[in-house]
Amino acid sequence: MLDKKLVVVYAILISSFLIAYPFMKSSALILSEPTKTEELMKTTKCRPQKNTVLSHQEIQKMQNKANIIFTMDDGWETQFTQGFHILKENGIKGSIAVIPTKVDTEGYMSLSQLNTLYNSGWDLMNHTNTHRHLSRLSKKQQKSELNGARTWLNNHCFKRASNIAVYPYGSYNQDTLKTLQEEHYRSARTIADGIQPNNGNKYLVRTINLLPSTDIEWVKEQIDKAINKRQTIVFTNHRFEQKADKAQMNFDPAKFKTIVNYVESKKDNLNILTYSEWLDLKGIN
Ligand SMILES: [Zn+2]
């Protein structure tokens, strides 16, 4: 009798388990699915960055050439409406030094324009949060200016060049250099005029500022010089306008086109890179 009872109990237990099993399984699946907040975090996460993998030979070939980098300071709207289009016609990418507090304000680029540039492979570099003379600030304030802009860039998924600084007004001091080192910045560009020598200080990168007074023939000579010595030219532009302004902060788009075309004609002898691509090539991290 007892045995019979046990058999019935077992039978009931087994059959109820068999009935319940599919539900248990599905509820387990439901539990393992991400919650809504997790789902939201996933969608707001940044897209993985595309990395072009070059062979050892390709890298070596590139390392034996001069480099040209087109940087543009402040994120002016004409850099998008003019500069971006001129470079795009030639399949060239540039590098913009962004001031987060100026984004979406009059005369400056919008966030959506910055997104277009970044997704086209352009670098968005760190031009500090509010564009003050760094040398006039305390070390603590400098750190907050630099890291504030880096955080803003990173939060908008503009990570590629957020740790490359461009000094506002070219202003820096020993505290700036120390801060860059301590906070692991990759490089910084000055406004010191000239071709960047190989093995130059990575926090004192030189530039050739394109101003209304700049002679195009002289620029072409500098490009030829850089090619001969396999050095680097970092061009800097501000606004693109035909007429020179008082501050000399603009450049005629037609003249810019002439320079871009000249660089393009020397393509076999030089690399046209974004700032971060240049650092990658130089092995600067
Ligand atoms: Zn600036």
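Let me start with one pairing in the sheet: in strand β6, the residue that serves as bridge partner of Arg-189 is Val-205. That bridge belongs to the contact between β5 and β6, where β6 covers residues 205–209, and the two strands pair in the parallel sense over two bridges. I should say at once that what we have on the screen is a predicted model, and I will keep to what can be computed from it.

Staying with β5, which spans residues 187–193, we find that three bridges join this strand to β4, residues 164–166, and that β4 and β5 run parallel. Within that pairing, Ile-164 stands opposite Ser-187 of β5. To get from β4 to β5 the chain passes through helix α7, residues 174–182, and the resulting β-α-β crossover is right-handed.

Earlier in the chain there is another parallel pair, made of β2, residues 95–98, and β3, residues 123–126, with four bridges between them. Here Ala-97 has Met-125 of β3 standing opposite. The connection from β2 to β3 runs through helix α5, residues 111–119, and this β-α-β crossover is right-handed.

Let me step back for a moment to the chain as a whole. Its secondary structure comes to 10 helices and 10 strands, and 34% of its 285 residues count as buried. If we take the contacts between residues at least 6 apart in sequence, 68% of them join residues at least 24 apart.

Now to the helices, beginning with α7, which we have just met in the crossover. Helix α6, residues 139–155, and α7 have axes that come within 9 Å and cross at roughly 50°. An angle from 35 to 65 degrees falls outside the roughly parallel and roughly perpendicular classes, and α6 and α7 are therefore oblique to each other. The crossing of α6 and α7 is right-handed. On the α6 side the residues that meet α7 are Lys-139, Gln-142, Lys-143 and Leu-146, and on the α7 side they are Asp-175, Thr-176 and Thr-179.

The second helix pair I would like to show is α8, residues 216–229, with α9, residues 253–265, which pack at an angle of about 25° with their axes 11 Å apart. Since angles under 35 degrees count as roughly parallel, α8 and α9 are described as roughly parallel to each other. As for the handedness, α8 passes α9 in a right-handed crossing. The contact is made by Ile-216, Val-219, Lys-220 and Ile-223 from α8, together with Lys-255, Thr-258, Ile-259, Tyr-262 and Val-263 from α9.

Finally, some backbone details. Asp-74 has a positive phi, near 85°, although this residue is not a glycine. Asp-74 lies in strand β1, residues 66–74, and counts as buried because 21 C-beta neighbours are inside 10 Å. Is Asn-199, with its 7 C-beta neighbours inside 10 Å, buried or exposed? Those 7 neighbours mean that Asn-199 counts as exposed; this residue is found in the loop between β5 and β6, and its phi, near 65°, is again a positive value in a residue other than glycine.

Toward the end of the chain, helix α10, residues 275–282, has Tyr-275, Ser-276, Glu-277, Trp-278 and Leu-279 buried. Following α10 comes Gly-283, with a positive phi near 70°.

Notes:
Residues are numbered from 1 along each chain as its sequence is written. This is a predicted model: local features need pLDDT of at least 70, side-chain atom pairs count only at pLDDT 80 or more; totals for chains, interfaces and linings use all residues. Two strands pair if DSSP finds at least two bridges between them. A crossover is right-handed if, with the strands pointing away from the viewer, the path from the first strand over the helix to the second runs clockwise. A residue is buried if 20 or more other C-beta atoms lie within 10 Å of its own, exposed if 12 or fewer, and partly exposed in between; C-beta atoms are placed from the backbone. Axes are lines fitted to C-alpha atoms, for helices over the stretch in contact, and angles run from 0 to 180 degrees between N-to-C directions. Angles under 35 degrees count as roughly parallel, over 145 as roughly antiparallel, 65 to 115 as roughly perpendicular and the rest as oblique. A crossing is left-handed if the near helix is turned anticlockwise from the far one by less than a right angle, and right-handed if clockwise. Two residues are in contact if their C-beta atoms, placed from the backbone, lie within 7 Å.
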